[in-house]
Amino acid sequence: MEELIHKDITEKIIGAAFEVYRELGYGFLEKVYQKAMVHELGLRGVKCEEEPPTPAMYKGVKLLDYFGDLLVEDKVMVELKARKTYQSDDEAQLLNELRAASPKVGLLINFGRDGVKFKRMVF
């Protein structure tokens, strides 16, 4: 069986998300979970950059920078949501970030009413 790319990092991120949810529960704005994730990952000794600029390119021309939620260890993009339930429609946002960025591994994490739900994506 082939090893997942950056499995060790994604496991740490997922563990941090469950800890954040254990402490905060459901109902905060996405930005609160984002700040808590940065803090929790820091406590775990994991390098995390908040809202790194990601260029949106079109035919070799930079249109603008847009900003994902987290870049962890310069290898994993993390998009956070705080919706009642996990929405598969949000996957396109992360996929576009992975398409534009050099990290090709990402996590979509939702802090929802029924707990933490996540999807690991590779582009």
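A salt bridge is counted here where a side-chain nitrogen of Lys or Arg lies within 4 Å of a carboxyl oxygen of Asp or Glu, and by this rule the count comes to eleven salt bridges. The legends below all refer to a predicted model.

**View 1. The open sheet of five strands, with its mixed pairing and its two edges.** The strands follow one another in the order β1-β4-β5-β6-β7. The edge positions belong to β1 (48-50) and β7 (115-122), each of which has a single partner strand, so one side of each is left without a neighbour in the sheet. From one strand to the next the twist averages 20 degrees.

**View 2. Strand β5 between its partners β4 and β6.** Strand β4 (residues 70-72) pairs with strand β5 (residues 76-81) in the antiparallel sense, over three bridges, whereas β5 and β6 pair in the parallel sense over six bridges. On the β4 side, Leu70 has Val78 of β5 as its bridge partner, and Val72 stands opposite Val76 in β5. On the β6 side, Val78 stands opposite Leu107. The hairpin of β4 and β5 has three residues between the strands, and in this hairpin Glu73 takes a positive phi near 55 degrees.

**View 3. The two faces of strand β5 and their burial.** In a regular strand the side chains alternate between the two faces of the sheet. In β5, Val76, Val78 and Leu80 point one way, while Met77, Glu79 and Lys81 point the other way, and all of them are buried. The strand is accordingly described as mostly covered, with six of its six residues buried. Among the residues that share a direction, Glu79 forms a salt bridge with Lys81, the closest N and O atoms being 3.8 Å apart; Glu79 is buried, and so is Lys81.

**View 4. Helices α1 and α3 against the strands of the sheet.** Helix α1 (residues 7-24) lies across β4, β5, β6 (105-112) and β7, and runs at about 10 degrees to β6. Helix α3 (residues 91-100) also packs on the sheet, where it touches β5, β6 and β7, and its direction makes about 155 degrees with that of β5. Within helix α1, Thr10 has a relative accessible area of 3% and is therefore buried. When residues up to four places away in sequence are not counted, Thr10 touches Val76, Val105, Leu107 and Arg120.

**View 5. Salt bridges that link distant parts of the chain.** The side chains of Glu50 and Lys35 meet in a salt bridge with an N to O distance of 3.1 Å. This pair joins strand β1, which holds Glu50, to helix α2 (residues 30-43), which holds Lys35, and the two residues are 15 residues apart. Glu50 is partly exposed, with a relative accessible area of 27%, and Lys35, at 46% relative accessibility, counts as partly exposed as well. A further salt bridge brings together the side chains of Glu91 and Lys119 at 3.5 Å, N to O. Here Glu91 lies in helix α3 and Lys119 in strand β7, 28 residues apart. Glu91 has 16% relative accessibility, and because buried means under 20%, it counts as buried; Lys119, with a relative accessible area of 35%, is partly exposed.

**View 6. A network of charged side chains.** Glu19, Arg22 and Glu23 are linked to one another in a network of salt bridges. The three residues fall within helix α1, which spans residues 7-24.

**View 7. The β2 and β3 hairpin and the nonpolar patch on the surface.** Strand β2 (residues 53-58) and β3 pair in the antiparallel sense over six bridges, and Pro55 stands opposite Asp65 in β3. Two residues lie between the strands of this hairpin, in which Lys59 takes a positive phi near 50 degrees. On the surface, Tyr58, Val61, Leu63 and Leu64 form a nonpolar patch with about 420 Å² of accessible area together. Strand β3 (residues 61-67) supplies the largest share of the patch, three residues. One of the patch residues, Leu63, is found in strand β3 and, at 54% relative accessibility, counts as exposed.

Methods
Residues are numbered from 1 along each chain as its sequence is written. This is a predicted model: local features need pLDDT of at least 70, side-chain atom pairs count only at pLDDT 80 or more; totals for chains, interfaces and linings use all residues. Side-chain values use heavy atoms; hydrogens and water are left out. Two strands pair if DSSP finds at least two bridges between them. Helices (H or I, at least four residues) and strands (E, at least two) are DSSP runs, numbered from the N terminus. Axes are lines fitted to C-alpha atoms, for helices over the stretch in contact, and angles run from 0 to 180 degrees between N-to-C directions. Contact means heavy atoms within 4.5 Å. Patches are made of residues with over 30% relative accessible area and no salt bridge: like charges are joined within 9 Å, nonpolar side chains (Val, Leu, Ile, Met, Phe, Trp, Tyr) within 5 Å. Accessible areas come from the Shrake-Rupley method with a 1.4 Å probe; for residues, only the protein chains shown count as cover. Buried means under 20% relative accessible area, exposed over 50%, partly exposed in between (1.4 Å probe, protein chains only).
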